[in-house]
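Student: Could you walk me through one part of this structure up close? I'd like to know what sits around it, and then how the rest of the picture fits in.

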Amino acid sequence: MTPPPPVTDRAPSDPPGGTAPEHSGTFDAALGDAELLAARAALAQGRWQSARSLLLHTGDDWDRRGHRVTVLAADPGAHSRAGQWLLAEPGSADAATLLALALVHRALRGEEDPEHARASCRTAAGLAPADPTPWLGLLLLARAPGPEAALTAAFQELRARHPEHHHGHHLLIARLAERPPGGPESHEAYDTAERAAAEAPADSPLAVLPVVAYAERHRVLAAAGLAPAVPGPAPCAHWTGPRARRVLRAAFDWWLEWEHDEHPRRHLDLNHLAFAMSAAGRPAEAAALFHRIGPHATRAPWSYTGQDPWAAFHQARAHALATG
């Protein structure tokens, strides 16, 4: 697997005549979390106290904690700051977790021994037995090519602590989507995603997971030259079969009824839905989603096109707003 992108990655400027002047030309993994943005800026300047306060007040909101720790940990100097914090407060579970995830990011960038990162995740897990976040770190490492046993084990531990873990489910589905299909509309990633959505409470964001599974398969098919890379005016066959139409309708209806403004990763779901509606040739629904996304474009799934993701986002957005 290609290592995750940096927290903020500069992309090309909007093309002439672009329709979204409010967009900054960057993908920011913080997804508009103001408190996280402040803590990340302080951490980058060598001050870990804001991160300490942020994680203390995040408490056991596990999706938000996972999101915040992962974003903080992606800063190139996070491992050093977390180490300083741990020296100041030996035994701090928050400091140990931030250090572990920072080492995970370094390992994924090829800057750290993966075994050292895994050992740090296990140390953090021992300090906070109820916290799924150290297991998220192990899952991020296991997502890379290699034996699936480690991925399955990490996901089971994570899910035992938070059955609806958003990021964890996305990582699992991404890996499953790379398995060979059983037929045009049959795949283990689809089945797993639909089962997770069905087992979750009615208001759970996992309702969008089946769309994520289709997007991950689109990534695999596009890389193999079996699906159009960029959503365009013509509907993509991958998104127009009976099962795909059912999945899209259910996810869009869920969004209309249940969307959670407070969910830390909601913009990722919105981008997946906009990508899906664009690829399925449904510009009216896509336009509504692009309006809701506002400035919070996410690298995935637009990076799945094989082209510049910022350009792919704007191409789909411009078409939806012009025709929807």
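Tutor: Let's go with helix α9. Its buried residues pack against α3 (62-73), α7, α8 (148-161), α10 (188-199), α11 (209-223) and α13 (266-279). Keep in mind that this is a predicted model. Helix α9 covers residues 166-176, and 11 of its 11 residues are buried, so the helix is largely enclosed by the rest of the structure. If you want to find them on screen, the buried residues of α9 are H166, H167, G168, H169, H170, L171, L172, I173, A174, R175 and L176.

Let's zoom in on one of them. H167 belongs to helix α9. Its relative accessible area is 13%, and the cut-off for buried is under 20%, so H167 counts as buried. Who touches it? Setting aside neighbours within four places in sequence, H167 is in contact with T70, L136, L140 and R265. You can also try a distance: from C-alpha to C-alpha, H167 and A196 are 13 Å apart, with their positions 29 residues apart in sequence.

Now hop over to α7, one of the helices that the buried residues of α9 pack against. T133 is found in α7, which runs over residues 133-143. With a relative accessible area of 0%, T133 is buried. Leaving out neighbours within four places in sequence, T133 is in contact with R65, G66, V69, T97 and L101.

For a contrast, look at helix α6 (residues 114-127), where you'll find E115. This residue is partly exposed, with a relative accessible area of 46%. The C-alpha atoms of E115 and A150 are separated by 13 Å, and the two residues are 35 apart along the chain.

Helix α4 (residues 78-88) is another nice one to rotate on screen. A78, A82 and W85 are buried there. They cover an arc of only 55 degrees around the axis, which puts them on the same side of α4. Here's the background: an α-helix has 3.6 residues a turn, so residues three or four places apart point the same way. The cover over the buried residues of α4 includes α1 (34-44), α2 (49-58), α3 and α5.

That brings us to the nonpolar core. The largest one has 89 residues, and L72, V211, W239, L289, F290 and W302 touch the most other members. Helix α5 (residues 93-108) gives the most to this core, with 11 residues. Pick F290 and see what surrounds it: not counting residues up to four places away in sequence, F290 touches A274, S278, W302, F313, A316, R317 and A320. In soluble globular proteins, nonpolar side chains tend to be buried together.

Last stop: empty space. Searching the whole structure turns up one cavity of 30 Å³ or more. The largest cavity holds about 80 Å³ of space. Its lining is made of P205, V208, W254, W255, E259, H260, H263, R266, D269, L270 and L273. By class, that lining has six nonpolar, two polar and three charged residues. Both α12 (242-258) and α13 supply at least two residues of it. The largest share, four residues, comes from α13. And that takes us back to where we started, since α13 is also among the helices that the buried residues of α9 pack against.

Key: Residues numbered from 1 in each chain as written. Predicted model: local features only at pLDDT ≥ 70, side-chain atom pairs only at ≥ 80, totals over all residues. Heavy atoms only, no water. Buried < 20%, exposed > 50% of the residue type's maximum accessible area, 1.4 Å probe, protein only. Contact = heavy atoms within 4.5 Å. 1 Å grid on protein atoms, 1.4 Å probe; cavity = no way out; pocket = protein on both sides within 12 Å on 5 of 7 lines; lining within 4 Å. Points joined across faces, edges and corners; volume = space filled by probe spheres on them. Nonpolar A, V, L, I, M, F, W, Y, C, P; charged D, E, K, R; others polar. Core = buried A, V, L, I, M, F, W, Y, C linked by side-chain atoms within 4.5 Å. Arc of directions from axis to C-beta.
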